[in-house]
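Student: I have a structure to study. Can we go through some of the terms used for it?

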Amino acid sequence: MNRWAAGLRELKQYPSAIGGLAIILFLIGLSLYTVVTIPYSEALDKWRGGEQWRMHPVNAGPVWADRLAGGDKPRTQVVRSTETEIREVPFEGGRQVRIPLEFDYHNGEFPSEINLFLRTLDSSRQAFVRLNWKTPSGETIALGGQRVARDDRISISQNPSLEGRLGMVPHIGLFAGDSPPDAPEVEKGRYRLVLDAILFDEDARLEADLAVYGRVHGVAGTDYQRRNLMVALMWGTPVALAFGLLAAVGTTITTLIIAATGVWFRGIVDATIQRLTEVNIILPLLPILVMVGTLYSTSIWLMLGVVIVLGIFSAGIKTYRAMLLPIREAPYIEAARAYGASNARIIMRYMIPRILPVLIPTFVTLIPTFVFLEASLAVLGLGDPVLPTWGKVLNDAQEQSALYNGFYYWVISPAVLLMLTGLGFAMFGFALDRVFNPRLRTQ
Amino acid sequence: MTDATETLLRVEDLRLHYQTRRGVARAVDGVSFDLRRNEALVILGESGCGKSSLAKALMRVLPRNVQHFGGHVMLGETDIMALNDERFRREIQWNRIALVMQAAMNALNPVVRVGEQVAEPLRVHRGWSKERALERVAETFRKVGVSTDFIQRYPFELSGGMRQRVVLAMALVTEPDLVILDEPTSALDVLTQAAIMNVLKRIKRDEGTSFILITHDVATSSELADRVALMYAGQIVEFSDARQFFHDPAHPYSKMLMDSVPRLHQPEAPGHIPGEPPDLINPPAGCRFADRCPSRFERCDRDPDAFSLDERRRVRCWLHEGEDA
Amino acid sequence: MTAGSPLLQASNLHTWFELRQWGFLRVGSVRAVDGVNFALARGESVAFVGESGCGKSSLARTLLGLHRPTRGEVTFDGEELSTLKGKARQRYLARVGYVQQDPFGALPPFMDVRRLLNEPLIIHGVRDPAAREERIRRVLEEVRLTRVDEILSKFPHMLSGGQQQRIVIARALLLEPAMIIADEPVSMLDASVRVEILNLLRNIQRERELTLAFITHDLSTVRHFADRIFVMYAGRIVEQAPVDELLDHPQHPYTQSLLAAIADVDADNALEERDVPGGEPPSLLNPPPGCRFHPRCPKAIAGTCDVREPPRFAPREGHYSDCWLHDERHGS
């Protein structure tokens with residue numbers, strides 16, 4: 001009967017082990033799913049932001065939060081000219097094109113913004129468009145006309161003259177019907193943006209996409225750059241787990257080997273290790289990381305390296321040394337020396353395995369501390385420059401005064417994920433401790 | 001002075017079972033014996049036979065995983081099993097029964113002077129002043145052969161033999177009726193061991209103290225025993241006068257055990273008992289020694305009674321069934 | 001190999017441990033082994049007897065190459081121990097087996113029996129796993145362990161004390177040693193198992209024609225398991241003789257008091273106090289001048305024993321004792 005197998009079987013008796021393990025497995029599953037569905041390069045590209053997010057609303061909350069609060073905020077509607085019937089009237093030297101962009105609007109709240117994206121294809125000269133907004137009650141509001149570049153955006157919400165005429169910001173005014181400007185109400189029904197364009201080339205085509213931005217988006221919401229927060233929340237998982245695991249493995253294993261080496265050889269080797277540790281313990285980790293991040297690079301892998309290097313001669317050396325000292329004098333070690341085991345063999349095969357069972361719980365609970373460290377660095381603005389992580393989401397939220405503006409979801413989601421990680425590993429670690437640490441066992 | 005043949009302690013059907021991961025361990029499983037005043041009873045047995053648990057049961061220092069604890073223990077006229085924990089602690093522990101635990105000499109508090117540690121039972125259980133208690137400590141130290149200079153010393157300044165005497169003094173300082181000694185000399189050298197046994201003999205002779213000596217070592221047991229109770233797998237298998245036990249043991253296990261004792265001046269080599277003692281969690285049905293017994297016969301499949309061979313001798317073995325007196 | 005020459009010879013052997021303060025200031029030496037001479041023949045069984053702290057375990061460790069002698073030398077089969085390096089030293093370690101006092105502590109608790117018995121063979125370059133397994137099974141048979149398959153996959157804590165000690169003995173035999181050093185091999189075992197283990201060691205010693213040096217504090221077990229006895233006190237051998245001779249006619253006052261302290265089991269033991277010399281063994285840091293037993297010796301001769309170290313006398317044929325009482329000037 002294997003000791004490890006027996007330990008695992010025993011683990012099943014602890015609800016906290018099951019719970020912790022479930023959380024850890026969920027996080028691992030999420031990581032794998034993320035890495036498969038959003039490959040690394042794609043994630044970096046997405047998180048860079050820009051035009052790819054233009055169809056997303058700015059600072060929209062998550063759908064679930066709105067539903068939980070009993071609200072029914074509008075989602076984003078996109079109407080594409082490629083999906084409507086276009087009427088064309090040719091004339092000498094060009095064509096007149098009418099694109100009716102129709103959509104139903106039944107939500108009680110106004111949209112957050114309206115944008116129209118225009119694209120002219122196969123055209124040598126700029127097209128000219130004129131826009132008319134038709135409300136459900138049949139009223140027509142002229143939105144003016146303008147020349148269209150090859151790839152153009154008409155920000156209807158930011159049209160000052162229109163705002164002047166309506167007496168309200170356009171994305172409210174256009175939907176407000178006859179209601180008074182100080183208490184606007186949505187006029188529900190079918191809206192139509194009629195686009196009359198003049199194209200001056202035979203084969204020229206015009207595509208138009210109307211985006212009526214909602215106030216909620218997806219599971220995680222969006223940030224000030226219209227980026228879907230889900231990308232960062234999902235990608236933050238593998239990054240956090242990898243960072244925590246590598247840092248924990250890197251520090252624990254090296255520390256253990258160094259401590260065991262010191263204990264075994266005693267004398268000058270041990271003294272050197274002890275003095276190095278004492279000096280290193282008083283070095284403050286966070287300021288050093290801040291310094292490295294500020295002066296050199298904030299790459300997460302560099303930070304990982306620094307954390308491990310500074311973590312090698314940590315207080316763990318003292319703990320392990322105290323655990324190993326009595327083991328050094330164990331009769332079985334003396335026996336091993338008497339049958340000729342080498343120093344390296346005694347350290348690696350006779351001393352370290354003796355304390356491993358006691359260390360595994362500590363190791364498991366160590367992982368989230370490194371996850372938190374990485375998040376703290378990111379919150380301080382020393383997050384990895386390209387990788388999306390939970391800490392960076394928090395950092396963005398803080399910079400954009402998310403809580404002041406009521407974007408609580410921006411803070412809560414990454415914080416919950418961080419806490420979940422801590423909780424999962426802690427619960428599992430404590431259960432492991434009960435199984436493997438003989439001092440905590442009742443008979 | 002009390003009558004020398006007066007019964008001091010009567011134990012009937014004492015049981016102490018522990019709850020373990022694998023099941024219930026019957027460490028003490030129906031033990032009965034009696035002890036007269038100024039008598040030394042040796043409880044002899046191999047490791048794991050339940051002899052230390054018996055000591056703990058009598059002194060009521062129980063671990064947390066006790067599953068069953070019951071039976072009758074009369075100390076003089078007091079039914080001490082009927083006392084609640086608080087009264088037992090106040091009236092019996094240290095005042096009337098003292099226990100020297102196994103390896104107690106290594107359990108002395110390293111940062112408290114030994115005199116104060118020995119005085120502790122007097123201060124706690126009797127509420128004596130420090131001066132009065134230390135006076136009694138000095139007196140007790142003289143009895144056990146420790147220089148009174150040592151009262152002011154710390155444990156690490158004493159040798160193993162001296163520490164064991166100090167621990168002994170701690171048990172004797174309240175002048176209890178009964179002192180239970182759990183392996184008091186097993187960690188000591190031959191000469192020190194002999195010196196400690198000398199101290200015990202002297203105290204028994206001079207003070208009239210009663211002893212229960214728990215040991216696995218037959219040679220040590222013969223240094224103090226008036227009577228011997230041999231334990232095997234949680235039960236007493238033979239309870240005899242020392243002379244009978246050492247020279248004419250009745251139980252097959254006793255016989256084999258006595259035969260395995262090396263003798264300095266004996267030309268033939270000692271024998272041994274093949275096999276292993278049974279598991280206390282699932283002891284075999286019937287006689288627990290049957291598997292290792294050379295005289296096993298059909299009856300041994302049933303649990304033997306304790307047959308009284310004569311007034312002072314009980315043997316738990318079917319071989320002695322007819323001799324029941 | 002020349003028959004008749006001793007297998008192991010220790011001459012003027014000293015093993016001192018330096019005591020240092022602050023890690024470098026030398027404050028003294030613990031003279032654990034302090035000038036010991038003896039020779040062990042091939043195929044004989046000897047016992048080193050003494051109280052704890054007499055240096056018998058330090059002597060064992062010095063012979064095992066675990067401590068470097070401070071002075072003097074150990075010659076094994078014609079080779080001087082302290083000159084052995086590398087492969088030669090490994091060969092020596094293979095030829096001397098070690099059986100320890102605490103069988104449970106002597107086995108790595110995280111290895112199953114198969115793994116821990118493989119260790120010495122792996123270290124000594126037995127590459128073929130099948131060959132290792134075969135050798136392991138052979139020694140397990142030799143130490144009379146039954147149900148070998150079951151035991152091989154068990155961990156030490158699942159075995160009884162007797163079984164554990166058999167595994168320890170098996171491990172000591174694996175490398176085909178010429179000598180086995182057993183340090184109190186049965187003192188942690190139950191009385192009923194002790195004799196069995198001692199018999200086993202004795203039989204293996206006879207069958208393999210090994211030299212067996214066993215270290216014990218218990219004189220009563222010695223008679224049937226050793227040919228010769230060395231009595232040690234405070235780092236020295238004070239008396240040596242064949243076993244019957246020593247037990248029946250002890251010459252040194254220390255041996256006499258050791259024997260007086262133990263008696264064969266008898267109900268009368270409870271009635272009489274034993275003759276025990278007062279005091280305690282001396283500090284090895286600062287041993288007394290002259291004979292080291294003189295402060296406790298009931299027969300100490302003032303002006304002699306407390307001044308001059310006693311030389312080795314031979315009061316009887318083949319029986320040596322370091323005591324001034326044997327000096328003709330004092331009579332014996």
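Tutor: Here are some questions on the fold and the cysteines of this predicted model.

Student: What makes chain C as compact as a globular protein of its length?

Tutor: Start with its elements. Chain C has nine helices and 12 strands. Its radius of gyration is 21 Å. The globule rule gives 20 Å for 332 residues. The two values are close, so chain C is as compact as a globular protein of that length.

Student: How much of chain C is buried?

Tutor: Of the 332 residues in chain C, 56% are buried. Each of these has under 20% relative accessible area.

Student: Why is Cys49(B) called buried?

Tutor: Its relative accessibility is 4%. The cut-off for buried is under 20%. Therefore Cys49(B) counts as buried.

Student: And why does Cys297(C) count as buried?

Tutor: Cys297(C) has 16% relative accessibility. Buried means under 20%, so Cys297(C) counts as buried.

Student: How many disulfides does the structure hold?

Tutor: Zero, over all chains.

Student: How do you know that Cys49(B) has no such bond?

Tutor: A disulfide needs two cysteine sulfur atoms within 2.5 Å. For Cys49(B), the closest cysteine sulfur belongs to Cys287(B), 15 Å away. That is too far for a bond.

Student: What rules out a bond between Cys297(C) and Cys323(C)?

Tutor: Use the 2.5 Å cut-off again. Cys323(C) holds the cysteine sulfur closest to that of Cys297(C), at 6.1 Å. This distance is also too far for a bond.

Terms used
Residues are numbered from 1 along each chain as its sequence is written. Chains are lettered from A and ligands numbered from 1 in the order in which they are written. This is a predicted model: local features need pLDDT of at least 70, side-chain atom pairs count only at pLDDT 80 or more; totals for chains, interfaces and linings use all residues. Side-chain values use heavy atoms; hydrogens and water are left out. Helices (H or I, at least four residues) and strands (E, at least two) are DSSP runs, numbered from the N terminus. The radius of gyration is taken over C-alpha atoms; the globule rule is 2.2 Å times the number of residues to the power 0.38. Buried means under 20% relative accessible area, exposed over 50%, partly exposed in between (1.4 Å probe, protein chains only).
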